[in-house]
Amino acid sequence: MYTVKGKADKNHLLAQHQPLVKRLAHQMKAKLPPSVEVDDLIQAGMMGLLDAINRYEDNHGAQFETYAVLRIRGAMVDELRANDWMPRSTRQNMKKVESAMTALQQRLGRAPTELEVARSLEIPLEEYQEMLFEGGGHQLVYYEDFHDDDGNDSFLDRYAVDEDDPLRALLDTDFRSAVIEAIDGLPPREKILMGLYYEEELNLKEIGAVLGVSESRVSQLHTQAVARLRASLRERLWTSPA
């Protein structure tokens with residue numbers, strides 16, 4: 001597993017973590033349209049794994065896996081974006097939604113309603129809900145969130161610099177606590193939805209049955225919940241000083 005210099009063997013790490021790449025690819029595929037091929041995700045994920053090995057070769061075990069998961073998922077998301085899975089216009093719309101939510105949250109002191117967000121965007125409620133539906137698959141964290149304006153990995157470089165794995169410490173403290181706090185601030189129905197989706201691992205149809213709404217409505221609410229969480233986390237985590 002290690003070379004004569006005590007460093008983790010790259011070929012061993014690659015073989016050891018191939019099942020991780022496949023597992024992450026199938027998890028992501030389950031939430032994507034049929035047009036997305038799982039083999040493409042696996043191929044992109046393997047590139048992400050190689051990148052993680054090259055950047056973090058002095059770490060191993062669970063510490064390395066924590067870092068690798070982020071790189072693997074990031075590579076898969078980059079592959080999806082490169083193939084226009086989520087159009088640029090949709091991503092821009094979701095950024096507008098997040099900005100509107102942030103401004104309303106600050107002004108109202110609570111999570112804004114759908115109608116309030118729609119009015120802030122100066123569009124009809126139906127158009128806002130369609131925007132949410134089209135943004136299905138919007139994620140809590142994108143690989144690009146960890147880049148600065150010049151494309152440098154400033155966030156990862158800042159926190160993944162010593163052998164004690166500060167990235168894991170970040171996920172266990174700052175990021176984890178920020179996500180928990182943001183989820184606690186969600187409207188009740190969206191909080192329940194997120195619990196059913198991520199903790200109970202129900203699909204959208206099953207969640208719709210629990211909440212008494214259609215599958216498409218669950219998709220809208222999920223996208224809106226993710227936008228709320230991103231808006232809440234942005235200032236606390238991604239723009240925090242070094």
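## Gly-136 and its loop

Gly-136 sits in the loop that runs between helix 7 (125-134) and helix 8 (154-159). Helices here are DSSP runs of H or I with at least four residues, strands are runs of E with at least two, and both are numbered from the N terminus. The relative accessible area of Gly-136 is 25%, which makes this residue partly exposed. The classes are buried for under 20% relative accessible area, exposed for over 50%, and partly exposed in between, with a 1.4 Å probe and protein chains only. Gly-136 is separated from Gln-224 by 88 residues in sequence, while their C-alpha atoms are 9.2 Å apart in space.

## Model and confidence

The model is predicted: local features need pLDDT of at least 70 and side-chain atom pairs count only at pLDDT 80 or more, whereas totals for chains, interfaces and linings use all residues. Residues are numbered from 1 along each chain as its sequence is written, and side-chain values use heavy atoms, with hydrogens and water left out.

The protein has a mean pLDDT of 78, and 71% of its residues reach 70 or more. pLDDT is the predictor's confidence in each residue, from 0 to 100. Among the elements, the lowest mean pLDDT belongs to helix 8 (46) and the highest to helix 6, residues 114-121 (96). Residues 1-7 stay under 50, and the model gives them 13 contacts beyond four places in sequence. Residues 154-167 are also below 50, with 32 contacts in the model beyond near neighbours in sequence. A contact means heavy atoms within 4.5 Å. Where pLDDT is low, the predicted coordinates should not be read in detail.

## Overall composition

The secondary structure consists of 13 helices and zero strands. Of the 242 residues, 42% count as buried. Among contacts between residues at least 6 apart in sequence, 67% join residues at least 24 apart.

The accessible surface is about 13400 Å², and carbon and sulfur atoms account for 49% of that area. Accessible areas come from the Shrake-Rupley method with a 1.4 Å probe; for residues, only the protein chains shown count as cover.

## His-17

The loop between helix 1 (10-16) and helix 2 (18-29) contains His-17. This residue is buried, at a relative accessible area of 4%. When its neighbours within four places in sequence are set aside, His-17 has contacts with Leu-49, Phe-64 and Glu-65.

## Salt bridges

Six salt bridges are present in the structure. The term requires a side-chain nitrogen of Lys or Arg within 4 Å of a carboxyl oxygen of Asp or Glu. Side chains of opposite charge can pair when their charged atoms come close.

Glu-190 pairs with Arg-228, with 2.8 Å between the closest N and O atoms. This pair links distant parts of the chain, since Glu-190 belongs to helix 11 (residues 188-199) and Arg-228 to helix 13 (residues 215-238), 38 residues apart. Both Glu-190 and Arg-228 are buried. Elsewhere, salt bridges that share partners join Asp-51, Arg-55 and Arg-71 into one network. Within that network, the side chains of Asp-51 and Arg-55 form a salt bridge at 3.0 Å, N to O. Asp-51 and Arg-55 are about one helical turn apart because they are four residues from each other in helix 3 (residues 38-55). Asp-51 is partly exposed at 25% relative accessible area, and Arg-55 is partly exposed at 43%.

Another salt bridge joins the side chains of Arg-110 and Glu-116 at 2.7 Å, N to O. Arg-110 has a relative accessible area of 36% and is partly exposed; Glu-116 is partly exposed too, at 22%.

## Helix 12

In helix 12 (residues 204-211), the buried residues are Ile-207, Gly-208 and Leu-211. Viewed down the helix axis, these buried residues fall within an arc of 105°, so they line one face of the helix. The arc is taken over the directions from the helix axis to the C-beta atoms. On the face turned away from the buried side are the exposed residues Lys-205, Ala-209 and Val-210.

The N-terminal end of helix 12 is capped by Asn-203, which has a side-chain oxygen 3.1 Å from the backbone nitrogen of Lys-205. After helix 12 comes Gly-212, with a positive phi near 75°.

Notes:
Polar contact = N/O pair within 3.5 Å; in protein donor to acceptor, adjacent residues only side chain to side chain.
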